[in-house]
Amino acid sequence: MRVLVLTDDRVGPVMAGSALRAWELSRILLEADHEVVLCGAPGSSHPEGHGPPVVSKARWRGVEAVVGAPWSLPPRAFIGDHLLVVDGATPLLAELSACPPSPAISRRSRTAASRLPLVAARADVVFAAGEAQIGWWAGQLHRRPDVPIVDVPFGIPEIDPPAEHDDIDGVPSGWSVILWWGGVWPWLDLDTLLAARARLGSATVSLVVPTAPRPGSSASTFSSTDLLDAARRHGLQPPAVVPFEHWTPYAQRYRILNRASLIAVLHHPGPEADLSFRTRALDGLWAGVPLLVSEGGAVASFARVGGWGAVVPIHEVDATAAAMELLLGHREQERCRRALSAHREAWRWSIVGQPLAELLSTPPLVRRLSVVPAAFEAASILMGRRKPQGGQS
């Protein structure tokens, strides 16, 4: 089948967010002998490693299947006879609802919400990551209960990472590293982690936080200055807190992961936390780095059941500090790394992505609704004349 995979993120050797997922799903389809083209944002290029062609402008002629997040699907994706696979694993509306109000956020929210009636009318398959997302999408598709909603979480590479690691500028030799792996967003709770690190006092532990601009962006949403200012409010200074000022190439990220003793992902309460699937935590599973995560979301459940680290109550500084201290100990490091290794195989991309390959081999036959009423509803939402029926908030 001729497949077009779409993302509005920049694809390339350095990438983040939905670009990573689009790249990995594209490779699964390629391995299943489909003819695949991945279309990314302007400036996209081919990442390191085997994969499909990467373009910045989609060619629709002859396309038999389209795969993409609803928030990045152009109107053209909802027209025609092709199979439409909507990848709903990123709860964008919930993320936007956690951002400080502004005209820009309001516009982005309306644009994202305007896709929902079109998806509800036209999608042939919807992917979700975790039970909470499956339930949310079932609500959106209540008029078409025959549309398959398939659990396709994030995965990890087929091969375990090499053992090499890089030193991190600003981290003294011999110090442990707690890695905040990814950007700092309004729905995430770095402040509790800083407060907990302050509780550890003079311990030889560096909290490392990436502060480089996201791939495809010209400026960082949380700069090194922002980090150091936040650290000072908790009485911290380098090397207890260290900015990581460049974005690691996707194929080389293991070199930083291997230097870490702990990956921390904490969040605030809210709809985003409930619907989340923390992709950055899966890199800990891949590299065998113990996790420190907040309660709430699918990954926290897997971490608790699997013994991948510690799951702490939201905003509980004392509990977070105690978990950090425990997880950095030799005994807990060994226990967590054994548990992560035991669960790793089930999370390979070839396994978690298998439903995608199977669906394209035997496409489902579902009733589609007219997109004309859906388009009018989408236009009303886009212009702010009406609210969407059931947003992620």
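What is the volume of the largest cavity? The largest cavity comes to about 120 Å³. The model you are looking at is predicted, and this briefing walks you through its empty spaces, one helix and a few residues with notable backbone geometry. To get started, it helps to know that rolling a probe the size of a water molecule over the atoms shows where empty space is left.

**The largest cavity**

- The structure holds two cavities of 30 Å³ or more, and the largest has a volume of about 120 Å³.
- To find the largest cavity in the viewer, look for L6, S18, A22, A69 and D87, which lie nearest its centre among the 15 residues of its lining.
- Two or more lining residues are given by each of β1 (2–6), α1 and β4 (65–68).
- Helix α1 provides the largest share of this lining, with four residues.
- Sorted by class, the lining of the largest cavity has seven nonpolar, five polar and three charged residues.

**The second largest cavity**

- The second largest cavity has a volume of about 40 Å³.
- Around the second largest cavity you will find V265, H267, S276, R278, V293, S294, G296, G297, A298, V299 and A300.
- At least two residues of this lining come from β12 (291–294), and at least two from α11 (298–306).
- The largest share belongs to α11, which supplies three residues.
- In the lining of the second largest cavity, five residues are nonpolar, five are polar and one is charged.

**The second largest pocket**

- Turning to pockets, the second largest one has a volume of about 580 Å³.
- Its lining is made of 24 residues, and E24, R27, P157, E158 and I159 are the closest to the centre of the pocket.
- The elements giving two or more residues to this lining are α1 (18–31), α14 (349–352) and α15 (354–361).
- Helix α1 gives the largest share of the pocket lining, five residues; you have met α1 already, as the source of the largest share of the lining of the largest cavity.
- The pocket lining counts 13 nonpolar, four polar and seven charged residues.

**Helix α6 and its surroundings**

- Helix α6 spans residues 190–199 and is mostly covered, with seven of its 10 residues buried.
- The buried residues of α6 are L190, T192, L193, L194, A195, A196 and R197.
- The cover over these buried residues includes the strands β9 (205–210), β10 (241–244), β11 (262–265) and β12, along with the helices α7 (224–233) and α12 (317–327).
- After α6 comes G201, which has a positive phi near 60°.

**How α6 packs against α12**

- Two packed helices are described by the angle between their axes and the distance between the axes.
- For α6 and α12, the angle is about 60° and the axes are 8 Å apart.
- The two helices, α6 and α12, make a right-handed crossing.
- On the α6 side, the contact is made by T192, L193, A195, A196, R197 and R199, and on the α12 side by V317, D318, T320, A321 and M324.
- By class, this contact has six nonpolar, two polar and three charged residues.

**Backbone features to look for**

- Most residues other than glycine have a negative phi, and most peptide bonds are trans.
- D33 is not a glycine, yet its phi is positive, near 75°.
- You can find D33 in the loop between α1 and β2 (35–39), and D33 counts as exposed because its relative accessibility is 70%, with the cut-off for exposed set at over 50%.
- H315 is another non-glycine residue with a positive phi, of about 70°.
- The place of H315 is the loop between β13 (309–312) and α12, and its 42% relative accessibility makes H315 partly exposed.
- The peptide bond that runs from P238 to P239 is cis, with omega near 5°, and P239 sits in the loop between α7 and β10.

**A buried loop residue**

- Is S72, in the loop between β4 and β5 (83–87), buried or exposed?
- S72 is buried, because its relative accessible area is 16% and buried means under 20%.
- Apart from neighbours within four places in sequence, S72 is in contact with L6, T7 and D8.
- One of these partners, L6, also appears among the residues nearest the centre of the largest cavity.

Note on methods. Residues numbered from 1 in each chain as written. Predicted model: local features only at pLDDT ≥ 70, side-chain atom pairs only at ≥ 80, totals over all residues. Heavy atoms only, no water. 1 Å grid on protein atoms, 1.4 Å probe; cavity = no way out; pocket = protein on both sides within 12 Å on 5 of 7 lines; lining within 4 Å. Points joined across faces, edges and corners; volume = space filled by probe spheres on them. Nonpolar A, V, L, I, M, F, W, Y, C, P; charged D, E, K, R; others polar. Buried < 20%, exposed > 50% of the residue type's maximum accessible area, 1.4 Å probe, protein only. Contact = heavy atoms within 4.5 Å. Axes fitted to C-alpha atoms, helices over the stretch in contact; angles between N-to-C directions. Left-handed = near helix turned anticlockwise from the far one by under 90°.
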